[in-house]
Amino acid sequence: MAKSKSQSQIQNNETGLPGQYRTWFLDYASYVILERAVPAIEDGLKPVQRRILHAMKEMDDGRFNKVANVIGQTMQYHPHGDASIGDALVNLGQKDLLIETQGNWGDVRTGDDAAAPRYIEGRLSKFALEVAFNPKTTEWQLSYDGRKYEPVTLPMKFPLLLAQGADGIAVGLATKILPHNFCELIESAIKHLRGKRFELYPDFQTGGQIDVEEYNQGKRGGKVKVRAHIGELDKKTLVIKSVPYAVTTTQLIDSIVKANDQGKIKIKKVTDNTAADVEIQIDLAPGISPDITIDALYKFTDCEISISPNACVIVDQKPQFLAVNDLLKLSVDKTKDLLEQELKIKLSELQEKWHYTSLEKIFFEEKIYKELEKKHETWDKVLEAIDKAFGPFKKQLKRTISKEDIIKLTEKPVRRIYKLDIDELNDQIKELEAEIKQVKYDLANLVDYAVAYFENLLKKYGKGRESKTEIKAMEVIEAKQVAIANTKLYMNREEGFIGTGLKKSARAGTDGDEFICDCSDLDDIIVIAKRGIMKVVKVGEKVYIGKDILHAAIFQKNDERTTYNMIYADGKGGKSFAKRFNVTGVTRDKEYDLTKGDEKSKVHYLSVNPNGEAEVVRIVLSPNCAAHKKELEYNFAELEIKGRSSMGNVITKYPIKSVRLKEAGKSTIAGRKLWYDDQFGRLNTDEKGEYLGTFNADEKILVVYNDGNYEITDQELTQKLEAEKILLIEKFDPEKIITVVYADMDKKQFLVKRFKIETTTLRNKFLFIKEGEGNYVEAVTTDSEPVLAVQQGRGAQIRKGKFKLNKAAEVSGWRTVGTRLIDYSKSVEMEWAKAKGNNQPELF
């Protein structure tokens, strides 16, 4: 029968190219998602990983197997090439959890590849054998060629997916689950079983630091910042002690060299000394600040990276996006279900064993076996006779006696008639009854049983798996603040150009190009021309501003201290005005008129004062003007600081010939208020942390550390202090006496010393306590009459007292050892207190 036209059209749509593309692409996308890229929620494994572990379990005999053999065994289940299996196997081995390795398996820190599969060996770890396999609770399916059976998922009794992490790119979606700490996962699992809240944060084999403020439980849209540990070996050398997750030492060094080549950092040399531990040494160029370089390394290199987690897993044959807390809960609930299945299977096996052992005991004890000696017509009659003989005892049993039970009994040797054998059967029954009772108890108290299971895992396998990654908040580093001045800025005053590409041969003060300063490619430049036009532009090769440039410098946004003092003549009315103003925020490349706006206006005088200084100037008027007094003085201190758009105050209506500086001014603005943020070890003006006070430009800061060092430092906001070591930080007063109590671990005593700071070198540490292993500062103050409250002893032996330390020790040099206070003891507690009255405090 001929097909209709519409039927042929439908068939063509299904088998033609459009139809095939529609169905085949969907099939391919589903296959990649379900079978290759995304792990299953049940066991946290991708198919290739599951097949590797199954193949290794089949091969397991307690000895190591060549990786090449494991790959070959896995190819019976995995329909792809040996390369994909080998890569997945090495990846599993490098995670150091499920596979015990032998040989060169590569290094995730350095990026070194593993040796060839024929040279390296592996076997399942004891942990893997305990948590991942149980054929009785495993669901099986045929392999791709139908020759063998493989597990649909492994009966994983551990949150493996969160422990190992996962990465995968499928068609239309991707997954990225970060690894978490083994011990913390178990502790969180126990908390979940107990109905308590828990928090989970990533932990990496490579160590480093992580900021989890925006982790968002690993869901889409979250992110974490990961940093390497960078330490300061000395003022000229930095040492990197760890690498961020998924960054190798080779990649890290390449990014450092690239940043140096681009002029973002300045280093002399970078050396990779990595062996058992990561160690990358960076030698700084002369005159380069280590603090700024550390920040620049975090900003411009792979010493800091941002990772966006995206927890996607297969649930019921569909991809789902879940939070890591939900993943843990699902995994723990699955583990509890598996433990329940195992208990029920064990209970069934124990009950079956109890049943048969009881039958065996009755069979011999009641001499039912003698039915075998009687003459019966057929074998079935023999079995019926035995069954009938069991009649009086069936009430003692927990299920009916099957024909198979009787046949099995008839196969037992007759020597079981001895009393010794009967006693042994009685003992077995008692043991089985005790085991059955315990299993039933565990089933009735399943949560406690699951908790005990996880506690046992922690006890057996938790040692050496403590957290390696430090969780800490990370400040945002502004590129402009840490960019190295890698180029020179010039200007041509007459022609009105500034830039890094101008001719550099001319000297300052002559016609031609004039050097302004060193700058970075990220800087903005503020320029003021004689016409009174101000403009802020990006550093470039050659930028036109306007003829007759008066001032050009690097622009600092939100700078409320730098004050511009200006005298200008209005082109329209002829009057001259004086004004003082700040420039805090502007639009780049926009022209701002600092005068009243007339095209003929011009600036007579301009000074830039970093701390709001107000000078006195001498103004000379035009000799042809009608003014009786041709010279006058003007003090800018009489003017209030306003915005850049202010008109200013009239100083004369007559034309001005010249304005010259007569007397340098003093600051007319209050000192800068500084705070210390102990979270990041930074000084700041944003009111974050401890308020240190108001500082004039030349005032310094005293920092005292618990290791017995002090240093005097400046107000530079980019410096980073060792927050974890700081005991005291305050405005430095050279007349203040520092009182210190420190532990001398050699002589096992606490010493007190009082001294004044005699050194003047900035940012240099000075050890002021006795040098010795373990010596540390217990208490420090700059109070003029320090009183120390001391508690010593425990329980009923506690003794309390106070010391007036200004009477206990004389003021001496900072290098002196000090005076003995009390004997050292771990039970000693000290704190600063106020003296009450003039009574001498009790002394120990």
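In this predicted model, helix 11 contributes more residues than any other element to the lining of the largest cavity, namely four. The cavity in question encloses about 100 Å³ of space, and among the 14 residues that line the largest cavity, those closest to its centre are Ile41, Pro159, Leu160, Leu161 and Ser331. Two elements, helix 7 (160-164) and helix 11 (324-365), each give two or more residues to this lining. When the lining of the largest cavity is divided by class, eight residues are nonpolar, three are polar and three are charged.

A search of the whole structure returned three cavities of 30 Å³ or more. The second largest cavity has a volume of about 30 Å³, and its lining is formed by Met56, Asp60, Arg63, Asn65, Val70, Gly122, Arg123 and Leu124. Strand 3, which spans residues 121-124, gives the most to the lining of the second largest cavity, with three residues. By class, the lining of the second largest cavity is made up of three nonpolar, two polar and three charged residues.

Contacts between aromatic rings were examined next. The count comes to 21 aromatic pairs. In one of these, the ring centres of Tyr568 and Phe577 are 5.4 Å apart and the ring planes meet at 20°, so the pair is classed as stacked. Both partners, Tyr568 and Phe577, are buried. A second pair, formed by Phe766 and Trp814, has ring centres 5.6 Å apart and planes at 75°, and it is therefore edge-to-face. Because Phe766 belongs to strand 42 (residues 766-767) whereas Trp814 lies in the loop between strand 46 (811-812) and strand 47 (819-823), the pair ties together parts that are 48 residues apart in sequence. Phe766 has a relative accessible area of 14% and is therefore buried, and Trp814, with a relative accessible area of 7%, is likewise buried. Phe766 and Trp814 also belong to a cluster, linked by ring pairs, that includes Tyr710, Phe755 and Phe768.

Aromatic rings are also found beneath charged side chains. The charged end of Arg220 is placed over the ring of Phe321, at 3.7 Å from the ring centre. In a further case, the charged end of Lys542 sits over the ring of Phe497, with 4.5 Å separating that charged end from the centre of the ring.

The loop that runs between strand 42 and strand 43 (776-781) contains Glu771. Glu771 has a relative accessibility of 70% and therefore counts as exposed. Although Glu771 and Gly708 are 63 residues apart in sequence, their C-alpha atoms are 8.7 Å apart in space.

Strand 44 (residues 787-792) is mostly covered, in that five of its six residues are buried, and this strand pairs with two others. With strand 45 (residues 799-804), strand 44 forms an antiparallel pairing over six bridges, in which Gln792 has Arg799 of strand 45 as its bridge partner. The hairpin of strand 44 and strand 45 has six residues between the strands, and within this hairpin Gly793 adopts a positive phi near 100°. The pairing of strand 44 with strand 48 (residues 829-833) is also antiparallel and extends over five bridges, and here Val787 is matched with Ala833 of strand 48 as its bridge partner.

Positive phi values were also found at residues other than glycine. Asp96, which is not a glycine, has a positive phi of about 55° and is placed in the loop between helix 5 (82-94) and strand 2 (99-102). With a relative accessibility of 48%, Asp96 counts as partly exposed, because the partly exposed class covers values between the limits of under 20% for buried and over 50% for exposed. Asp589 likewise has a positive phi, in this case near 70°, and is found in the loop between strand 26 (576-581) and strand 27 (591-593). The relative accessibility of Asp589 is 48%, so Asp589 also counts as partly exposed.

How values were computed: Residues are numbered from 1 along each chain as its sequence is written. This is a predicted model: local features need pLDDT of at least 70, side-chain atom pairs count only at pLDDT 80 or more; totals for chains, interfaces and linings use all residues. Side-chain values use heavy atoms; hydrogens and water are left out. On a 1 Å grid over the protein atoms alone, a cavity is a set of points where a 1.4 Å probe fits but cannot get out, and a pocket is an open set with protein on both sides within 12 Å along at least five of seven lines; lining residues have an atom within 4 Å of a point. Grid points are joined across faces, edges and corners, and a volume is the space filled by probe spheres set on the points. Ala, Val, Leu, Ile, Met, Phe, Trp, Tyr, Cys and Pro count as nonpolar, Asp, Glu, Lys and Arg as charged, and the others, Gly among them, as polar. Rings of Phe, Tyr and Trp (its six-membered ring) pair if their centres lie within 6.5 Å; planes under 30 degrees apart count as stacked, over 60 as edge-to-face and the rest as tilted. Buried means under 20% relative accessible area, exposed over 50%, partly exposed in between (1.4 Å probe, protein chains only). A charge sits over a ring if NZ of Lys or CZ of Arg is within 6 Å of the ring centre and within 35 degrees of the ring normal. Two strands pair if DSSP finds at least two bridges between them.
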